[in-house]
Structures are given as C-alpha cells and as structure tokens.
Amino acid sequence: MKLLKTAACFAAVSAVMIYGCQKLYKDGGYTDFTGADVAAETVPPQEIVTEVITEPVSDKELSLTAGKSVTFTFLGDCLLASNAGDTRPDSFKAYAEEKPASYFLEKALPVYESSDFVVANNEFVMSDRSLAKTAKSGTAFWFRAPTSTADILKSGGIDIVSIANNHTMDYGTGGYNDTAEALDSAGIIWGDLDHPVYVEKEGVKFGILCTNMFGANYEPIITPKIEELKENSDIQILFFHGGTEKEHIPEEWLMELCHKYADMGVDLIVGSHPHVLRPMETYNGVGIIYSLGNFCYGGSRLPENRTVILTETFNFDENGSYISQDESFIPFYVYGGEHNNWQPTPVTDPVEISKTLAFMYGGKDSPID
C-alpha cells in the first residue's frame, strides 16, 4: 500500500552541496534525511507533502534502514547519430567510427552504475539498411546510425530506453522496427505507448509508460494506458516526450496533463524533448520533472550545455509496502570543451552546481543562470 509520497527538497546551500533529500511526515512536522525534526511552518511551500495520511504510520514503516529501496536513474535525450548528410570530421558519426563504444558515457557511468535501473530517451533510428527518409516540412532533420550503436547504450550501463519520440520514425516503420530489433539484440529493454515496460525488483513490480505528449489532444490516448499500467504494476512511472523545444518553462496544457496523471496515482513523471532543462514541480506529492534536457546529443555542435542525471529512490518496508520516495539531481555538462565532443561531463564547480540545482528546484519563475 502506498502510504506517503515525498516532496522535493531544495538542495544547494552555498558551496556545500546536498544533491537530493527526503522528508517523511512525523508528528505534525517533517523529518529530514538526517533524522532531525523540522517544524512544518519552516518548510517552503514546494516542499510540503500534500497527500494526507489517513491511517497511522508505524515506526517500522518510517525506518528506511529496516526496509529496502529500488533506484531508477533517468538520463535526458540520447541522440547517438549525426544528421543525414553531415560529413564534418568532428561530427558524432565521425567520433563513433573512431572511438570505442565506451567513450561516450564513460564519465557518466560511475555516477549511476550502482542504480537498479537506468532509463534514457533513445532519439534516433538504428538500421543497417538503405531506407527512404520520412517526408517532413520546414527545417527537418533525420538521424540514423548503424545497429552497432546499441553498443554505446549497453557499455554506458543503460537498461531501458524509450523509443516514443519524434525521431524514431525518421526512416518510417522499417527504421522503427530495425531500432527495436537492435535494442532487443543488445539486451536493452525498450518501450513506447503500445509497449509499456514492466520490471520487478525486491518483490515490487514497476510499470513505465513511454509516450509522446505533444498537446492536450494526447489525453484520451494516454489515459487508458495509464489505467492499464495501474492494473499491472505496484509503482507507475510516466516517461513522456513533449513540450516546446528550447523553452525552459512548461506549457499550461502540459502541466494540466501531468497534474491529471499525478491525481490518477502515477508515482513519478519525467519528461524530455525540449533539449533544455525545465524546473521540477511537486504536485500532490508527485515529482514532475518537465525536462531533463539533452544528455549525449549528436544533433548539435553547440547545444545548451547543462543537464542533470536524475535518480529516484523508492523506499519500502521489509514486507514490500511502499513508504516514500525521493529524488537526487547530479548536474552535468552535455559536453566538455569549446564545442560538443559527444561526452557528457560532470559539473565540479560548486557555484555552477548550485545554479543548476537552484533552477531545478526553484519553480518555473526561477532563472536558468
């Protein structure tokens, strides 16, 4: 039974960095991750747990050390290809032909390799066939790489990917199917709207719905899939692809849809597609991360150079009953150097870490710098 959903905690204080925290309801106040009591009136509004507990919570259920936890790590857009026709010597394609598969995520892997499940957005086609490009209007891009590119994901410790996005149909149904087959061959689980992902750990079944979400008109398509997810899993995660590109503020329609799914009982909502970070929100006790930005991104030599690695920890008692969850963000650069070298790099400057975390936790009115 789900007893409590935790809210986000502002995590950047001067040069001392705490990347995430957890709060549990206790005797009219809150207990932070150190065990210290915090008066409810001292907690900023975005940290207040809004789901009311209607039954007693035992000491056993509040003790995380007596139970168990399962961690999911989420990465932003992974576009491991160059635009069709790009022959520059420093393109992603050129690097992929010269570098080992481990090169691209080698600086990120140590951060999340102990996570139970690592999830990313796979925003490109993998195919070894000569396929026709899908017709597009206006400024258009097509991204395709050999099926061997799945080795980059595998060596980078990625377990699950979404192929529900606006580029996995760049080469039609054939390219889409080839991508799914390449992922299957590499042992990487993939999901889309019609193929929810189910994984189990510590006796708890997790359901992940991967979907495009480009307007309010997606609601009647997604809602029954959420209901199906709830029927078949203990914990539900929505991993969506949508929102206006390069806009840091989530759209009203998108917020309304995410609120609807939080009200339906989804436990975590994570977004991609804008290619920039968007601040998280805690609504009805549910963490909503509207965009993780890019991660390993072959689509631009100079993308906005900040992203985060999100790790969500789900906590359970020794009987497998849900207690709480909390998130942590690790700030990363999409690339190191003067332009994209296709290798995400951790941020080490405390000031820059603080800026990114302040933005992620600050709400939609917080500045990006």
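**Loops, strand 14 and aromatic pairs**

Me: In which loop is N341 found?
Reply: The structure discussed here is a predicted model. In this model N341 belongs to the loop between strand 21 (322–333) and strand 22 (345–346).

Me: Is N341 buried or exposed?
Reply: Residues under 20% relative accessible area are classed as buried. The relative accessibility of N341 is 16%, so N341 counts as buried.

Me: Which backbone nitrogen does the side chain of N341 reach?
Reply: Residues up to four places away in sequence aside, N341 touches Y95, Y103, Y335 and G336. One of these contacts can be specified further: at 3.3 Å, the side chain of N341 reaches the backbone nitrogen of G336.

Me: What is the phi of H273, and is this residue buried or exposed?
Reply: H273 lies in the loop between strand 16 (268–272) and strand 17 (277–283). Most residues other than glycine have a negative phi. H273, although not a glycine, has a positive phi, near 110°. Its relative accessibility is 5%, so H273 is classed as buried.

Me: What is the phi of H275?
Reply: H275 is also placed in the loop between strand 16 and strand 17, and its relative accessibility of 10% makes it buried. H275 is a residue other than glycine, yet its phi is positive, near 70°.

Me: Which residue in the turn between strand 13 and strand 14 has a positive phi?
Reply: Strand 13 (residues 197–201) pairs with strand 14 in the antiparallel sense, over five bridges. One bridge sets K201 against V204 in strand 14. The two strands form a hairpin with two residues between them, and the turn residue with a positive phi, of about 55°, is E202.

Me: Which residue in strand 15 stands opposite G207?
Reply: Strand 14 also runs parallel to strand 15 (residues 235–241), joined to it by seven bridges. Opposite G207 in strand 15 stands Q236.

Me: How many of the nine residues of strand 14 are buried?
Reply: Strand 14 is mostly covered. F206, located in strand 14, is buried. Of the nine residues in the strand, the number buried is eight.

Me: How many aromatic pairs are there, and how many residues apart are F72 and F206?
Reply: Rings pair if their centres lie within 6.5 Å, and by this rule there are 16 aromatic pairs. F72 and F206 form a tilted pair, with 4.9 Å centre to centre and 55° between the planes. This pair links distant parts of the chain, from F72 in strand 7 (residues 68–79) to F206 in strand 14 (residues 204–212), a separation of 134 residues.

Me: Which residues does the ring cluster containing F72 link?
Reply: F72 and F206 are both buried. Ring pairs join these two residues to others in a cluster whose members are F72, F117, F206, F314, F316 and Y322.

Me: Over the face of which ring does R144 lie?
Reply: K133 lies over the face of W142, at 4.4 Å from the ring centre. R144 is placed 4.5 Å from a ring centre, over the face of Y171.

Me: Over which residues does pLDDT stay under 50?
Reply: The protein chain averages a pLDDT of 85, and 80% of the residues score at least 70. For the segment under 50, the model has 145 contacts beyond four places in sequence. That segment is residues 1–64.

Note on methods:
Residues are numbered from 1 along each chain as its sequence is written. Side-chain values use heavy atoms; hydrogens and water are left out. Rings of Phe, Tyr and Trp (its six-membered ring) pair if their centres lie within 6.5 Å; planes under 30 degrees apart count as stacked, over 60 as edge-to-face and the rest as tilted. Helices (H or I, at least four residues) and strands (E, at least two) are DSSP runs, numbered from the N terminus. Buried means under 20% relative accessible area, exposed over 50%, partly exposed in between (1.4 Å probe, protein chains only). A charge sits over a ring if NZ of Lys or CZ of Arg is within 6 Å of the ring centre and within 35 degrees of the ring normal. A polar contact is a pair of N or O atoms within 3.5 Å; within protein, one must be able to donate a hydrogen and the other to accept it, and residues adjacent in sequence count only if both atoms are side-chain atoms. Contact means heavy atoms within 4.5 Å. pLDDT is the predictor's confidence in each residue, from 0 to 100. Two strands pair if DSSP finds at least two bridges between them.
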